[in-house]
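Visitor: I have a structure to look over. Could you take me through it?

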Amino acid sequence: MASIGQSAYPDLLPDFRNLGVMARVLVAVNGLAAAGVLFATPSLGGALEQFMRTAAYLEPLLLIELLALAALSPLLARLPYWTGYAAIVGIVLVFVAAYHTFVARLPTGAPSLGPALLLAALVAATLLAYLRLRAKAYSPALVEARLQALQARIRPHFLFNSLNAVLSLIRRDPKRAERALEDLADVFRTLMSEPRQFVRLADEIALLERYAGIEQLRLGERLRITWELDAAPSDALLPPLVLQPLLENAVFHGVEPGTGAGDVLVRIERRGDRVLARIENPYVADQQRRAGNRMALENIRERLALFFDAEARIRTSADGRRYRVEIEMPYKSERP
């Protein structure tokens with residue numbers, strides 16, 4: 001039962017265009033086929049031979065079904081969950097029947113249609129149930145709780161220091177102080193927003209710029225940020241608060257510990273159907289044990305997996321002088 005002010009998570013059909021979903025289906029079906037062959041054939045040599053024959057029949061059918069489901073996935077996503085569930089099972093059965101009719105004409109023959117249809121329906125229903133349970137087990141509520149923890153984790157001293165910096169500006173530059181307070185309000189309004197909705201990259205970049213402006217107000221000439229955003233696709237969709245915590249880490253771990261100016265690079269671009277983001281900062285080896293860095297990275301990694309499954313990744317590297325975080329995710333401009 002959802003608590004007050006908390007909406008329930010609806011069941012969603014798997015996105016068969018997602019490489020992670022395709023890989024799980026392929027592995028599961030082949031695993032079930034291998035288990036069935038081993039159970040039915042006592043000798044290992046006979047089981048291997050039988051599995052090769054089964055795979056020769058199964059793989060083309062499985063690939064055809066996956067391609068069809070990938071093409072129909074946008075239409076299926078518009079259906080109520082159980083209607084879509086039944087539609088997917090029905091599509092599988094139609095392809096099994098048509099494929100059986102074709103294969104039956106070949107010299108190798110085909111298994112009986114009735115058992116093939118029954119087995120296909122059971123496997124399809126089982127896989128859909130597994131993917132539904134996996135979506136629930138890969139708990140959006142858990143990830144959302146961690147996201148909210150990340151949102152609440154904007155360091156209190158950042159807020160206090162920013163307010164103190166604004167207070168110091170009120171008399172000598174009231175307009176700049178007013179803009180800084182507006183930026184601070186926008187940052188925290190975003191941090192309090194709904195965490196399970198996609199946001200446009202343009203909005204995430206705007207948040208980055210507001211956050212950078214506040215930190216610039218606090219650190220002055222010590223913080224130097226280079227923005228390389230000309231190739232950034234402003235309409236791309238991504239989970240909220242993917243980039244801002246990385247910029248915060250870059251300032252906290254790379255600029256604040258040093259005594260001089262710190263150069264931070266923010267580069268976002270599109271390459272084909274992928275969006276690449278890189279944030280670099282100075283690497284101060286003696287200060288890398290400061291708390292918080294790994295929590296933010298693991299949080300972002302979990303949310304990328306939740307939203308994009310196996311199609312997104314995050315990498316970190318350091319070469320002794322520079323530390324960089326790179327995010328790669330699919331380019332999507334339509335809200336699912």
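What follows is a short exchange on confidence, a pocket and a helix pair.

Visitor: What is the mean pLDDT of the protein?
Guide: This is a predicted model. Residues at pLDDT 70 or more make up 83% of the protein. The mean pLDDT is 82.

Visitor: Which residues have pLDDT under 50?
Guide: Where pLDDT is low, the predicted coordinates should not be read in detail. One stretch calls for that caution. The model gives this stretch two contacts beyond four places in sequence. The stretch is residues 1–7.

Visitor: Which helix gives the largest share of the lining of the second largest pocket?
Guide: The second largest pocket has a volume of about 880 Å³. Of its 37 lining residues, Val29, Leu58, Leu119, Ala120 and Val123 are the closest to the centre. α1 (19–40), α2 (44–77), α3 (81–103) and α4 (113–137) each supply at least two lining residues. The largest share, 11 residues, belongs to α4.

Visitor: How many residues of that lining are nonpolar?
Guide: Take the other classes before the nonpolar one. Two lining residues of the second largest pocket are charged and seven are polar. The nonpolar count is 28.

Visitor: At what angle do α2 and α3 pack?
Guide: Their crossing is right-handed. The contact includes Leu61, Ile64 and Leu72 of α2 and Ile88, Phe95 and Val103 of α3. Its residues divide into 17 nonpolar, one polar and one charged. The axes of α2 and α3 lie 10 Å apart, at an angle of about 145°.

Key: Residues are numbered from 1 along each chain as its sequence is written. This is a predicted model: local features need pLDDT of at least 70, side-chain atom pairs count only at pLDDT 80 or more; totals for chains, interfaces and linings use all residues. Side-chain values use heavy atoms; hydrogens and water are left out. pLDDT is the predictor's confidence in each residue, from 0 to 100. Contact means heavy atoms within 4.5 Å. On a 1 Å grid over the protein atoms alone, a cavity is a set of points where a 1.4 Å probe fits but cannot get out, and a pocket is an open set with protein on both sides within 12 Å along at least five of seven lines; lining residues have an atom within 4 Å of a point. Grid points are joined across faces, edges and corners, and a volume is the space filled by probe spheres set on the points. Helices (H or I, at least four residues) and strands (E, at least two) are DSSP runs, numbered from the N terminus. Ala, Val, Leu, Ile, Met, Phe, Trp, Tyr, Cys and Pro count as nonpolar, Asp, Glu, Lys and Arg as charged, and the others, Gly among them, as polar. Axes are lines fitted to C-alpha atoms, for helices over the stretch in contact, and angles run from 0 to 180 degrees between N-to-C directions. A crossing is left-handed if the near helix is turned anticlockwise from the far one by less than a right angle, and right-handed if clockwise.
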